[in-house]
Every structure is written in C-alpha cells, then in structure tokens.
Amino acid sequence: MSRFFVTTPIYYGNDAPHVGSAYSTVNADALARWHRLVGDETLFLTGTDEHGQKVADSAEQQGLSPQAWTDQTAQRFIEAWDDLNISNDDFIRTSERRHHESVQKFLTKIYENGFIYKDVYEGLYCVSCEDYYTPEALVNGNCPVHERPVITMQEENWFFRLSAFEDKLLQYYEEHPTFTTPQTKFNEAISFVKGGLKDISITRTSITWGITVPWDEKHVFYVWYDALINYLTAIGYGSDHDEVEKWWPSSNHIVGKEIIRFHCVWWPAMCMAAGLEPPAHVHVHGWLLVGGKKLGKSMASDVGIKLTDIAPRTLTAEFGVDPIRYYLLRETPFGNDGEFSFEGIIARYNTDLANNLGNLVARVATVVGSKCDGRGRAPTIDAELRAVANEVVQQVGAAWEEFAPHRALEAAWQLIGAANADLEKHAPWKMESGPEVDAVMGNALEVLRLTAILISPAMPETAEKIWHRIGLQGSPADVSFRGEASWGRYPEGLLVEKGEPLFPRIKSDA
Ligand code: ME8
C-alpha cells in the first residue's frame with residue numbers, strides 16, 4: 001500500500017482564517033481525499049503557528065496570557081476548517097508540549113552535529129514577517145511583503161550554519177528533480193542557493209513567547225525554526241521512531257510562493273544537519289489576488305476589502321461549502337496566481353454547478369421518474385459515453401497525482417457535458433417508455449455514479465447527495481476506486497429520487 005503525507009503551512013494563529021489560508025487547506029484536503037479514495041494510507045496535517053512577538057503583543061492587548069490567547073485563536077482555525085469540511089487527521093499547535101519537545105530534540109541534534117554557533121547579529125527586521133531583510137530586498141525602504149517600515153535589530157544569537165549546505169542542497173536538487181513543483185518555483189530555490197547562502201540567526205533573546213533553547217535558556221528559537229519542525233512533531237519526532245520511519249521523508253508540503261525559501265532551502269538544510277533526509281516534495285502554489293494584490297493579513301485593507309468580509313464562513317454561508325471548495329480548486333491552476341472575486345464565484349457556480357452538474361442530476365431524476373417509474377436502469381456496454389468516461393477517469397487520476405485539482409475537475413466536467421449532450425441528442429423526455437429510453441437513462445445514471453466518485457475529493461457532500469439520489473448506499477468516498485471507477489457498474493432497479501435542485505441558479509446583479 002502506498003502512503004501519502006500531506007501538509008499545509010501552519011497558519012499564524014494571530015490572523016483570522018481567510019480565503020488565502022482556505023485555498024491551501026482546501027487543496028491539501030482534496031489531495032488527501034483523493035489519496036484515501038485510491039486506497040493510500042494518508043496523513044493530512046494542518047495547524048497553527050503560535051509563537052513570536054506579534055502573538056505576545058496581541059495577547060497583552062487582550063489582557064490574556066499568550067497561551068490563553070492562542071487557545072482562542074487556534075479555535076478559529078479549527079472551526080473554519082470544520083465549516084469547510086476539511087478532513088485533516090491532526091491539527092498541530094506549536095504551543096503544544098509535544099512540539100516543544102520535538103523542536104528541542106531536533107535542534108539539539110543539529111547543535112551536537114556542529115551546525116549551530118553563537119554570534120552577534122544586526123539586521124533589518126519586519127515584525128509582521130518575523131524575518132530579517134537585506135537592504136536590497138526592501139522596496140522603497142519597506143518590507144517587500146507588507147509594504148511597511150522595517151526596524152534595525154541587534155542581538156547576540158545562535159546561528160545555523162546554512163552556508164555549509166550550498167553544495168549539498170544543489171546536489172539534492174539535482175538528484176530529486178521533482179523536489180519542488182512547479183519547475184519555475186524550483187528554479188527560484190535553485191538560483192537562491194546558487195547566489196550563495198549566508199548563515200542565519202535562529203534564536204532571539206528579545207522574545208519570551210517561544211521555545212527555549214535547551215543549552216542556553218536566555219534564548220528562544222526564532223519562530224520559523226520552531227514552525228518548520230511541526231511537520232516532524234506530528235509524526236512523533238523524538239518520541240516515536242517507527243512513525244517517523246513510516247512517514248518521513250515522503251512528505252508533500254503545500255505552501256504559498258512567499259515561503260519557498262523557508263521550505264525549499266532552510267528546511268531541507270535543517271533536515272540534513274539533523275541527519276535526516278530532506279522532505280520529498282514541496283508543492284508551491286500562487287496567490288489569490290484581489291484587484292491584483294495579495295489577499296492576506298494586513299493587505300486586505302489596502303484594496304478596500306476588509307478581511308473579515310472574506311472569511312471562509314462568509315463565503316460558505318452565501319454560496320454553500322462545496323461551491324466554494326469547487327471555486328477554489330477549479331478556478332486557479334495550482335502554481336499560478338489567481339484573481340479572487342465574487343463575480344468569479346457566481347460565474348463558476350451558475351455555469352458549472354447549476355447549468356451543468358445540477359441540471360444533469362435534475363434531468364436524469366425527472367426522466368427516470370416519468371419514463372422509468374422512478375427506477376434506475378443499467379448502462380449499456382456499447383454506449384458512446386463509455387469511451388468518454390474511461391478517458392476521463394484516466395485524466396482525473398493523472399491530474400490528482402500531478403497535484404492539478406483544476407485539471408481533475410475540468411476533466412470530470414467533460415464527462416458531465418458529454419452526458420448532457422447525450423440527453424439532448426436522444427431527448428428521452430420525448431420518447432415512449434421502453435428499451436431505448438432505458439438505455440439512455442442507464443448511461444446517464446452511470447455517468448452520475450462515476451461523477452460522484454470523481455468529484456468526491458473536491459465536493460464530498462455533493463458527491464454523496466448524488467450517490468444517494470441515484471439509490472446507492474454508503475458513500476462514493478468509501479468505494480474502491482480501482483474496482484468501481486469503470487463503466488458498467490450501476491445496478492438496475494434502484495429507486496431514483498428527484499429532490500431539490502442541488503445548485504439553484506444565483507441571480508447576479510450584473
Ligand atoms: O507564513 N493566496 O503563515 P501564514 C493563496 N506561519 N494562499 C495564501 C494567501 C493568498 N492570498 N494568503 C495566505 C506563515 N495564503 C507561517 C507558515 S509553515 C512551517 C509556517 C496561504 O498564516 C499560503 O499557503 O502567513 C501561504 O503560504 C500561507 O497561507 C501563509 O500563512
């Protein structure tokens with residue numbers, strides 16, 4: 001049996017969940033669901049990044065301890081992901097004891113291996129990024145991400161000897177040509193390393209809300225060094241050797257493009273320094289943009305949209321959970337930037353969901369009701385749709401395996417389109433009941449059965465509704481994909497239910 005370990009970035013607990021974090025999480029969820037569907041043993045991890053000065057400051061403003069504050073903020077993510085039907089197996093919080101222990105063991109190992117030393121550091125620091133910048137990296141003297149002023153910080157720090165890993169990283173990249181996808185993002189990591197790596201400061205004395213450096217207790221680990229290790233904490237680093245062996249290094253880290261450097265350079269180097277294999281894959285996606293600007297944190301106010309207006313819950317309350325999942329997965333090819341807009345959601349909803357999928361489900365149930373006594377018919381072996389279906393099943397599988405949810409859905413919608421066209425061609429609603437109608441309806445029902453399976457990673461609730469409406473028991477997510485995702489398995493005689501429209505059209509003001 002294959003294994004699939006997929007992770008999202010752990011989100012800053014200080015920020016509320018928003019469409020950007022939902023984008024990564026829904027992608028990871030759909031991939032996890034796909035892998036479960038094909039029978040892979042799957043581990044899907046998400047969580048919250050809770051240390052650092054910003055969090056300590058917010059807690060103080062709230063009159064709470066950092067722990068009490070993060071207990072509240074983490075809950076917002078747990079609830080948001082619950083709302084979006086996210087099937088994570090674990091939710092890690094960096095303030096948990098298990099994480100403190102792992103981080104201390106992991107970094108002590110690197111220290112013992114001779115890759116951590118003490119020095120004085122002075123640099124330009126962005127409090128929002130929790131990161132230093134070189135003067136060249138600033139834009140008009142401001143942080144390039146937050147477009148806000150940086151401060152000059154001077155500290156006696158412990159340093160990680162990143163410079164020792166230049167050649168090792170380049171060699172690793174060469175030997176693992178799919179380490180980072182897409183290739184354009186991999187190239188960014190490669191040129192960053194080729195440009196020369198400087199040692200980096202990995203501890204702070206100015207902060208107390210963090211994980212203490214075990215060999216020098218005045219220091220805490222800088223939040224990024226603590227955060228990256230979450231991927232190992234969750235599989236028991238330092239406490240459960242067998243679990244680590246089981247899941248590492250074959251991890252799939254899903255990350256946004258602004259954190260390539262951390263995941264594709266620092267993180268593999270840290271793993272090497274600790275005597276571990278680097279993670280197997282980092283899958284980098286682009287940004288959702290609003291009016292051409294990154295949608296995230298403080299950015300939202302700059303484009304006239306309040307972030308709270310685009311909290312995932314606002315969207316799911318308005319459009320439903322599956323339509324939002326569908327939009328996030330379908331609209332923007334994984335790896336590219338994409339424009340997020342309400343108009344875009346409505347267009348996808350009306351075209352793909354209401355007019356195509358919803359319409360197919362409604363038509364099939366109506367005609368089965370009027371021409372087949374409400375009982376399903378079996379598909380035919382020589383159906384034209386069979387060839388389309390077989391091709392689509394292949395394409396969908398390949399697309400999920402290549403981390404291309406948009407292509408998987410595009411392919412599934414070809415089958416839906418073909419089934420609608422087939423119904424229009426035969427117009428069974430104009431025919432007398434009999435073998436010809438039975439054949440047409442059996443084929444359409446078979447397409448619905450296959451569609452339910454194929455879309456279940458992206459739209460689990462809708463898939464299940466379709467499954468039940470055509471009289472099938474259980475869940476399309478629980479079938480054996482290899483056995484069931486092939487033409488001809490819809491059984492004759494099941495009760496087909498008409499039901500409410502799955503996706504009532506949205507009237508747009510435009
Ligand atoms: O960076 N479009 O946390 P974070 C698409 N704690 N994705 C977006 C997005 C947008 N506009 N905005 C945010 C951190 N994201 C660290 C990570 S991991 C060891 C530590 C997503 O809360 C995207 O995945 O700022 C991005 O990488 C992540 O949220 C950043 O989340």
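The face of helix H6 turned away from its buried side carries two exposed residues, Thr-184 and Lys-194. Here, exposed means over 50% relative accessible area, buried means under 20%, and partly exposed is in between, with a 1.4 Å probe and protein chains only. Helices (H or I, at least four residues) and strands (E, at least two) are DSSP runs numbered from the N terminus.

A word on the source before going further. This is a predicted model, in which local features need pLDDT of at least 70, side-chain atom pairs count only at pLDDT 80 or more, and totals for chains, interfaces and linings use all residues. Residues are numbered from 1 along each chain as its sequence is written, and side-chain values use heavy atoms, with hydrogens and water left out.

**Helix H6 and its surroundings**

H6 runs over residues 183-194, which makes 12 residues, and its first and last C-alpha atoms are 16 Å apart, close to the 16 Å expected at 1.5 Å a residue. That expected span is 1.5 Å times one less than the number of residues. The buried residues of H6 are Lys-185, Phe-186, Ala-189, Ile-190 and Val-193. They sit on the same side of H6 because they cover an arc of only 145° around the axis, where the arc is that of the directions from the helix axis to the C-beta atoms. As background, an α-helix has 3.6 residues a turn, so residues three or four places apart point the same way.

What covers this buried side? Among the covering elements are helix H5 (166-175), strand S8 (180-181), helix H10 (260-273) and strand S13 (281-285). Both ends of H6 have something to look at in the backbone. Pro-182 lies in the loop between S8 and H6, and the peptide bond from Thr-181 to Pro-182 is cis, with omega near -10°. Just after H6, Gly-196 takes a positive phi of about 100°.

**Other backbone features**

A cis bond also joins Trp-248 and Pro-249, with omega about 10°; Pro-249 is in the loop between helix H9 (241-247) and strand S12 (251-256). Two residues that are not glycines have a positive phi, and the table sets them out.

| Residue | Phi | Loop between | Relative accessible area |
|---|---|---|---|
| Asn-85 | about 60° | helix H3 (66-83) and strand S4 (90-93) | 25%, partly exposed |
| Glu-147 | about 55° | strand S6 (131-133) and strand S7 (151-160) | 43%, partly exposed |

**Two buried side chains and their partners**

Asn-85 comes up again as one of the partners of Arg-33. Arg-33 lies in helix H1 (residues 19-37) and, at 16% relative accessibility, counts as buried. Leaving aside residues up to four places away in sequence, Arg-33 touches Asn-85, Ser-87, Arg-325, Ser-456, Pro-457 and Pro-460. Contact here means heavy atoms within 4.5 Å.

Leu-409 belongs to helix H16 (residues 405-426). Is Leu-409 buried or exposed? With a relative accessibility of 1%, Leu-409 counts as buried. With the same sequence neighbours set aside, that is, up to four places away, Leu-409 touches Tyr-326, Leu-329, Arg-330 and Ala-458. Tyr-326 is 83 residues from Leu-409 in sequence, yet their C-alpha atoms are 8.3 Å apart in space.

**Cysteines**

If you are wondering about crosslinks, the structure holds 0 disulfides, a disulfide being a pair of cysteine sulfur atoms within 2.5 Å. For Cys-143, which is in no disulfide, the nearest cysteine sulfur is that of Cys-126, 3.6 Å away. Cys-143 is buried, at 1% relative accessibility. Cys-271 is in no disulfide either, and the nearest cysteine sulfur, that of Cys-264, is 12 Å away. Cys-271 is also buried, at 0%.

**Domains and confidence**

The domain assignment gives domain 1 (3-316) and domain 2 (342-484); such bounds come from an automatic or database domain assignment. Taken over C-alpha atoms, the domain centres are 40 Å apart. Where the two domains meet, 16 residues of domain 1 are in contact with 19 residues of domain 2.

How confident is the predictor? The mean pLDDT of the chain is 94, and 96% of its residues reach 70 or more; pLDDT is the predictor's confidence in each residue, from 0 to 100. Over residues 297-303, however, the pLDDT is below 50, and this stretch has 15 contacts in the model beyond near neighbours in sequence. Where pLDDT is low, the predicted coordinates should not be read in detail.
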